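Here is a set of short exercises to work through with the structure open beside you. Try each task yourself before you read the solution.

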Amino acid sequence: MTAQIIDGRAFAAKVRAQVADQVAKLKEKTGITPGLAVVLVGEDPASQVYVRSKGQQTIEVGMNSYEHKLPADVSKDELYALIDKLNNDPAVHGILVQFPVPDHLSETEIVSQIDPGKDVDGLHVVNAGLLASGQKAMVSCTPLGCLMLLRDHLGSLSGLDAVVVGRSNLVGKPMAQLLVRDSCTVTIAHSRTKDLPDVVRRADIVIAAVGRPEMVPGDWIKEGATVIDVGINRIERDGKNKLVGDVDYATAVERAGAITPVPGGVGPMTIACLLANTLTAACRANGLPEPEGLTA
């Protein structure tokens with residue numbers, strides 16, 4: 001068996017097209033233009049690339065993009081004052097502070113300053129609690145993207161056995177909650193799980209989000225399982241830098257029924273879901289129906 005390749009780039013383009021279409025309809029019917037504010041602290045090169053890409057894609061789908069660049073030595077009070085201003089700006093529906101931030105700032109404290117309704121990264125403890133209790137929440141972009149890929153490929157997830165390898169607040173925990181909401185039987189596994197290979201082998205769905213290069217070999221994968229590889233790890237192989245996932249793609253592709261590649265799988269979905277979340281936040285803020293097919 002050779003797995004079907006789940007093309008995240010193509011599906012992300014489809015999601016962005018859906019967002020653009022619904023943004024245009026929202027503008028036409030209500031005059032409301034969703035707005036996303038991105039705050040960049042310092043001059044981290046990778047963060048600058050991410051912020052620029054987010055801004056471009058925000059504009060491409062017809063939303064307003066607001067970029068705020070602050071020096072690396074900005075005080076906590078100055079940053080929090082900006083976030084408070086954005087919280088109270090009715091033109092801003094989504095707020096994202098680009099991480100990492102300099103060491104004198106706390107990412108956890110920064111997230112706590114953001115209005116949960118504008119927390120389009122889905123990291124606020126209020127959103128985590130709402131998700132866990134089955135209520136409407138802003139959902140972290142990467143897990144939301146994984147869920148969209150699974151629903152598109154498998155249709156109903158009801159009754160399937162899912163294993164999430166990784167327990168981070170950003171991916172592992174919200175991913176497990178989303179799968180529970182779609183009526184999967186879910187196990188959260190991690191590097192200290194006893195008999196981890198056997199746990200993974202029983203899964204119809206494997207989500208690898210542990211942050212270790214090629215930790216999950218192909219012989220851990222059940223024949224025909226769907227594998228979503230969230231990992232993005234830069235390694236050196238044969239004297240060259242290479243991006244690999246948390247799954248050993250070369251061996252897993254021979255056993256899985258479907259698999260996401262790295263790069264080109266989950267990664268492109270993250271910004272697409274950020275745009276979807278911003279649209280959702282704008283609709284919720286104005287008491288309007290949520291966009292179909294773009295929420296959890």
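## Exercise 1: A loop residue

Ile232 has a relative accessibility of 55%, so it counts as exposed. Keep in mind as you work that this is a predicted model.

**Task.** Find where Ile232 lies and which residues it contacts beyond its sequence neighbours.

**Solution.**
- Step 1: Look between strand 8 (226-229) and strand 9 (233-237); Ile232 lies in the loop that joins this pair.
- Step 2: Set aside the neighbours within four places in sequence, and the contacts of Ile232 are Leu243, Val244 and Val262.
- Step 3: Check the record: UniProt, in an unreviewed entry, places a "binding site" feature at Gly166, Arg167, Ser168 and Ile232.

## Exercise 2: Another residue from that record

**Task.** Is Gly166 buried or exposed, and in which loop is it found?

**Solution.**
- Step 1: Locate Gly166 in the loop between strand 5 (161-165) and helix 7 (172-181).
- Step 2: Compare its accessible area with the cut-off: buried means under 20%. The relative accessible area of Gly166 is 3%, so Gly166 is buried.
- Step 3: List its contacts, leaving aside neighbours within four places in sequence: Gly172, Ile188, Ala189, His190, Ala209 and Val210.

## Exercise 3: Following helix 10

**Task.** How far does helix 10 reach from its first C-alpha to its last, and why can it be called largely enclosed?

**Solution.**
- Step 1: Helix 10 covers residues 267-285, which makes 19 residues.
- Step 2: At 1.5 Å a residue the expected span is 27 Å, and the helix reaches 28 Å, close to that value.
- Step 3: Of the 19 residues of helix 10, 14 are buried, so the helix is largely enclosed by the rest of the structure.
- Step 4: Take Thr280 as an example from helix 10. Thr280 counts as buried because its relative accessibility is 2%. Not counting neighbours within four places in sequence, Thr280 is in contact with Glu290, Pro291, Leu294 and Thr295.
- Step 5: Look past the end of the helix: Gly287 follows helix 10 and has a positive phi, near 65°.

## Exercise 4: Are the cysteines bonded or apart?

**Task.** How many disulfides does the structure hold, and why do Cys141 and Cys146 each lack a bond to Cys273?

**Solution.**
- Step 1: Recall the cut-off: the two sulfur atoms of a disulfide are within 2.5 Å.
- Step 2: For Cys141, the closest cysteine sulfur is in Cys273, 6.4 Å away, so the distance is too far for a bond.
- Step 3: For Cys146, the closest cysteine sulfur is also in Cys273, at 8.6 Å, again too far for a bond.
- Step 4: The count of disulfides in the structure is zero.
- Step 5: Add the surroundings: Cys141 is buried, with a relative accessible area of 3%, and Cys146 is buried too, at 0% relative accessibility.

## Exercise 5: Inside the nonpolar core

**Task.** Which residues have the most contacts inside the largest nonpolar core, and which element gives the most to this core?

**Solution.**
- Step 1: The largest nonpolar core has 53 residues, and Val19, Leu179 and Ile207 have the most contacts inside it.
- Step 2: Elements giving two or more residues to this core include helix 1 (8-30), strand 2 (35-41), strand 7 (205-208) and helix 10.
- Step 3: Helix 10 gives the most, with nine residues.
- Step 4: This core draws at least three residues from each of domain 1 (29-121 + 271-285) and domain 2 (141-268).
- Step 5: Zoom in on Leu179: beyond neighbours within four places in sequence, its contacts are Leu150, Leu157, Ala162, Val164, Cys184, Val186 and Ile207.
- Step 6: A second, separate core has 21 residues, among them Val163, Ala225, Val227 and Ile259.

## Exercise 6: Two domains

**Task.** What distance separates the centres of domain 1 and domain 2, and how many residues of each are in contact with the other?

**Solution.**
- Step 1: Mark the assigned parts: domain 1 is 29-121 + 271-285, and domain 2 is 141-268.
- Step 2: Taken over C-alpha atoms, the centres of domain 1 and domain 2 are 28 Å apart.
- Step 3: At their meeting place, seven residues of domain 1 contact six residues of domain 2.

Note on methods: Residues numbered from 1 in each chain as written. Predicted model: local features only at pLDDT ≥ 70, side-chain atom pairs only at ≥ 80, totals over all residues. Heavy atoms only, no water. Helix = DSSP H or I, 4+ residues; strand = E, 2+ residues; numbered from the N terminus. Expected span 1.5 Å × (residues − 1). Buried < 20%, exposed > 50% of the residue type's maximum accessible area, 1.4 Å probe, protein only. Contact = heavy atoms within 4.5 Å. UniProt positions renumbered as here; feature names shortened; annotations may be inferred. Core = buried A, V, L, I, M, F, W, Y, C linked by side-chain atoms within 4.5 Å. Domains from an automatic or database assignment.
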